[in-house]
Amino acid sequence: MNNVVALRRSPKIEQPEHLSAIVVAGSGGAAATTTCLGLATALRLGTDAQVAAIDGTVGGGNLLDRAGVEPIDPSRAIRQLGSRMALSTAGAVVVGHGESSDSVLVDSLLADRHLARIHDVGTALRSRRLAPLIEAGAAIVVVAPARSEPLSRMRDGLEWLMRTYGSDVLSRTVVSISHQLPQRLVDLTPIREALTPLTAGFVEVPFDASLARPGTVDHRHLSVESIDAWTDVLDALGRIEAGHQDNDTADRVGTGELA
């Protein structure tokens, strides 16, 4: 399989195999699944690391259908995950949803194989089953489409995170705004200015026509701009992993308020 695509740069993550992150939708239709796949793709292509995109949605998502194109080698398969493993076009491991999925167990199984783990948890941010991952320090990527109502719901989600896990949780949270239309409908400047000092990163992912089409996502059809934006998210995750948070950001997070 030809994995060659144009890359502007590689993500700045010193030890990608240690990465554990959850991608949560700030609202329905926020592109959490494509963000999870995009991050796994950018990390795989940019570092050649072993990485897994995991469907951790409550009701069962379509990550495996969207991304799994090639059977995984039996020597790499994990018995507890059964037939829910496949490879994406970029060579990332894709783990489909299971009725009795335990996100912590799946994370542990893949960590034992030295894979970076990126979990698509859909809109289940408030689910108690995610609490052990968040409490263990997993990074959080909150995704919202660039529309007024979903952005307002995202703010509610961020405030819930602070109330539940403490104000410093935002220091390991990255906000990713997905542009799902070619034109911009909302001025994101005030939101960016409010969240940038509080969070680990604020990234806009541009409209990509290949993601708007149904069917399997082939990384070779993704725009360079999309991959570059996901790389920006990975850079922020790398800073979280390295513990290189800006002191001023930490001080402002301590206020526990969103502007």
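The exercises below, each with a worked solution, concern the fold, a covered strand, the nonpolar cores and one buried aspartate of a predicted model.

Residues are numbered from 1 along each chain as its sequence is written. In this predicted model local features need pLDDT of at least 70 and side-chain atom pairs count only at pLDDT 80 or more, while totals for chains, interfaces and linings use all residues, and side-chain values use heavy atoms, with hydrogens and water left out.

**Exercise 1.** State how many helices and strands the protein chain has, and what percentage of its residues count as buried.

*Solution.* Begin with the elements, which are DSSP runs numbered from the N terminus, helices being H or I with at least four residues and strands E with at least two: the protein chain has 9 helices and 9 strands. Then turn to burial, where buried means under 20% relative accessible area, exposed over 50%, and partly exposed in between, with a 1.4 Å probe and protein chains only; of the 259 residues, 54% count as buried.

**Exercise 2.** Describe how β2 is covered and which strands it pairs with.

*Solution.* First, 5 of the 5 residues of β2 are buried. Next, consider direction: Val51, Ala53 and Asp55 point one way, whereas Ala52 and Ile54 point the other way. In a regular strand the side chains alternate between the two faces of the sheet. Finally, look for partners, remembering that two strands pair if DSSP finds at least two bridges between them. β2 and β6 are parallel and share 5 bridges, with Ile54 opposite His119 of β6; β2 also runs parallel to β5 (residues 93–95), through 3 bridges, and there Ala53 has Val94 as its bridge partner.

**Exercise 3.** Find which element gives the largest share of the largest nonpolar core, and what Leu237 is in contact with.

*Solution.* A nonpolar core is a set of buried Ala, Val, Leu, Ile, Met, Phe, Trp, Tyr and Cys residues joined through side-chain atoms within 4.5 Å. The largest has 39 residues, and Leu19 and Leu237 have the most contacts inside it. Elements giving two or more residues to this core include β1 (20–25), β2 (51–55) and α8 (224–242), and the largest share, 8 residues, comes from α8. Leaving aside neighbours within four places in sequence, Leu237 is in contact (heavy atoms within 4.5 Å) with Leu19, Ala21, Ala139, Val141 and Val174. Apart from this core lies another, of 30 residues, among them Leu158 and Trp160.

**Exercise 4.** Decide whether Asp218 is buried or exposed.

*Solution.* Asp218 is found in the loop between α7 (209–212) and α8. Asp218 counts as buried because its relative accessible area is 16%.
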